[in-house]
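Reader: I'm new to this, and I keep tripping over the labels people put on structures. Can we go through one together, with me asking where each label comes from?

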Amino acid sequence: MLEILLAGGWALLPILICSLVAMAIVFERFWALRRAAVLPPGLGEEVRQWARSAQLDAAHLAALEKGSPLGELFAGALAVRDRPREIIKERIEDSGRHVVHRMERYLNTLGTIALIGPLLGLLGTVIGLIRMFMGVMAGGIGDPTRMAGGIGEALICTAFGLIVSIPAYVLHRYFRSRVSGYVVQMEKEATALLDDLSAPRSAAPRRRTAAEAAAPQAG
């Protein structure tokens with residue numbers, strides 16, 4: 001394997017760097033985009049129960065915001081829970097944009113690696129062919145070693161460029177699809193919370209006046 005890498009020449013170095021960056025992004029996104037980390041089970045119902053029973057304070061909201069992307073979305077809505085429905089909805093939309101942006105972190109970089117991988121391979125191919133023709137010009141056609149070296153460098157760079165770009169492209173599409181699915185679920189949970197916050201509260205029982213309280217005793 002080391003011999004193959006050395007045969008690829010210096011043009012293979014940027015491809016290897018891209019592969020390391022892509023691997024780091026893939027592992028980080030797999031960990032960050034776990035379903036349990038993004039959409040904790042039962043969180044939506046728990047938060048709606050908090051909202052119904054008015055068991056909310058600054059500590060609750062801070063813990064909710066730091067717990068998960070869905071919790072951050074809920075915290076944004078609950079921070080303005082006493083405002084009209086339109087204001088709560090706007091706050092959910094604003095929080096949702098920030099949450100989605102963080103869930104898509106590094107995906108543009110992964111997509112860029114998928115795009116430039118074949119181009120870097122093509123660059124190595126061109127450099128290898130140039131070396132081959134320069135060898136032919138210097139030593140003539142009768143020197144097959146230089147020709148083989150240039151062709152080998154060209155083929156190795158092309159192969160490694162595709163090896164890096166194809167998985168990067170597939171995983172980029174996969175993560176995009178996963179984020180889109182999470183967004184749909186988060187919209188459903190946010191809508192349910194918005195309906196609860198916007199629902200009219202039941203009127204508190206009217207307090208009896210002193211005269212009404214004393215009336216039965218007088219009878």
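Author: Sure, let's start with Y106, which has a relative accessibility of 40%. Bear in mind that this is a predicted model.

Reader: What makes Y106 "partly exposed" at 40%?

Author: Buried needs a value under 20%, and exposed needs one over 50%. The 40% of Y106 falls in between, so Y106 counts as partly exposed.

Reader: Where does Y106 sit?

Author: Y106 is in the loop between α7 and α8. Its phi is near 70 degrees, a positive value in a residue other than glycine.

Reader: Why is a positive phi worth pointing out?

Author: Because most residues other than glycine have a negative phi.

Reader: OK, how do you know that S165 is buried or exposed?

Author: Its relative accessible area is 4%. Buried means under 20%, so S165 is buried. S165 is found in helix α9, and once you set aside its neighbours within four places in sequence, S165 is in contact with I113, A114, G117 and P118.

Reader: What about R97, and what is it called at 54% relative accessibility?

Author: The cut-off for exposed is over 50%, so R97, at 54%, counts as exposed. R97 is placed in helix α7. R97 and L73 are 24 residues apart in sequence, and their C-alpha atoms are 9.6 Å apart in space.

Reader: And which label does L129 get with 34% relative accessible area?

Author: Since 34% lies between the 20% and 50% cut-offs, L129 is partly exposed. L129 lies in helix α8. From C-alpha to C-alpha, L129 and L155 are 9.7 Å apart, with their positions 26 residues apart in sequence.

Reader: Let's zoom out. How many helices and strands are there?

Author: The protein chain has 10 helices and 0 strands. Of its 219 residues, 33% count as buried. Among contacts with a separation of 6 or more, 77% are between residues 24 or more positions apart.

Reader: Now the helix pairs. Why is α6 called roughly antiparallel to α7?

Author: The axes of α6 (residues 69-78) and α7 (residues 85-103) come within 8 Å and cross at roughly 155 degrees. Angles over 145 count as roughly antiparallel, so α6 is roughly antiparallel to α7. The crossing of α6 past α7 is right-handed.

Reader: Which residues make that contact?

Author: From α6 there are P69, E72, L73, G76 and A77, and from α7 there are I88, R91, I92, S95, G96, V99 and R102. By class, that contact has 6 nonpolar, 3 polar and 3 charged residues.

Reader: What makes α4 and α6 roughly parallel?

Author: Their axes come within 11 Å and cross at roughly 20 degrees. Anything under 35 degrees counts as roughly parallel, so that is the label for α4 and α6. Their crossing is right-handed. The contact is made by L43, G44, V47 and A51 of α4 with L70, G71, F74 and L78 of α6. In the contact of α4 with α6 you get 6 nonpolar, 2 polar and no charged residues.

Reader: How do α5 and α6 cross?

Author: The axes of α5 (residues 58-67) and α6 come within 6 Å, at roughly 145 degrees. α5 passes α6 in a left-handed crossing. L61, L64 and E65 of α5 meet G71, E72, F74, A75 and L78 of α6. The classes there are 5 nonpolar, 1 polar and 2 charged.

Reader: Last topic, the core. Which residues of the largest nonpolar core touch the most other members?

Author: That core has 47 residues, and V47, L64, L78, M103, M186 and L193 touch the most other members. The elements giving two or more residues to this core are α2, α4, α5, α6, α7, α8 and α9. The largest share, 13 residues, comes from α9.

Reader: What is M103 in contact with, leaving aside its neighbours within four places in sequence?

Author: M103 is in contact with R29, L33, V38, V179, Y182, V183 and M186. M186 is also one of the core residues that touch the most other members.

Key: Residues are numbered from 1 along each chain as its sequence is written. This is a predicted model: local features need pLDDT of at least 70, side-chain atom pairs count only at pLDDT 80 or more; totals for chains, interfaces and linings use all residues. Side-chain values use heavy atoms; hydrogens and water are left out. Axes are lines fitted to C-alpha atoms, for helices over the stretch in contact, and angles run from 0 to 180 degrees between N-to-C directions. Helices (H or I, at least four residues) and strands (E, at least two) are DSSP runs, numbered from the N terminus. Angles under 35 degrees count as roughly parallel, over 145 as roughly antiparallel, 65 to 115 as roughly perpendicular and the rest as oblique. A crossing is left-handed if the near helix is turned anticlockwise from the far one by less than a right angle, and right-handed if clockwise. Contact means heavy atoms within 4.5 Å. Ala, Val, Leu, Ile, Met, Phe, Trp, Tyr, Cys and Pro count as nonpolar, Asp, Glu, Lys and Arg as charged, and the others, Gly among them, as polar. A nonpolar core is a set of buried Ala, Val, Leu, Ile, Met, Phe, Trp, Tyr and Cys residues joined through side-chain atoms within 4.5 Å. Buried means under 20% relative accessible area, exposed over 50%, partly exposed in between (1.4 Å probe, protein chains only).
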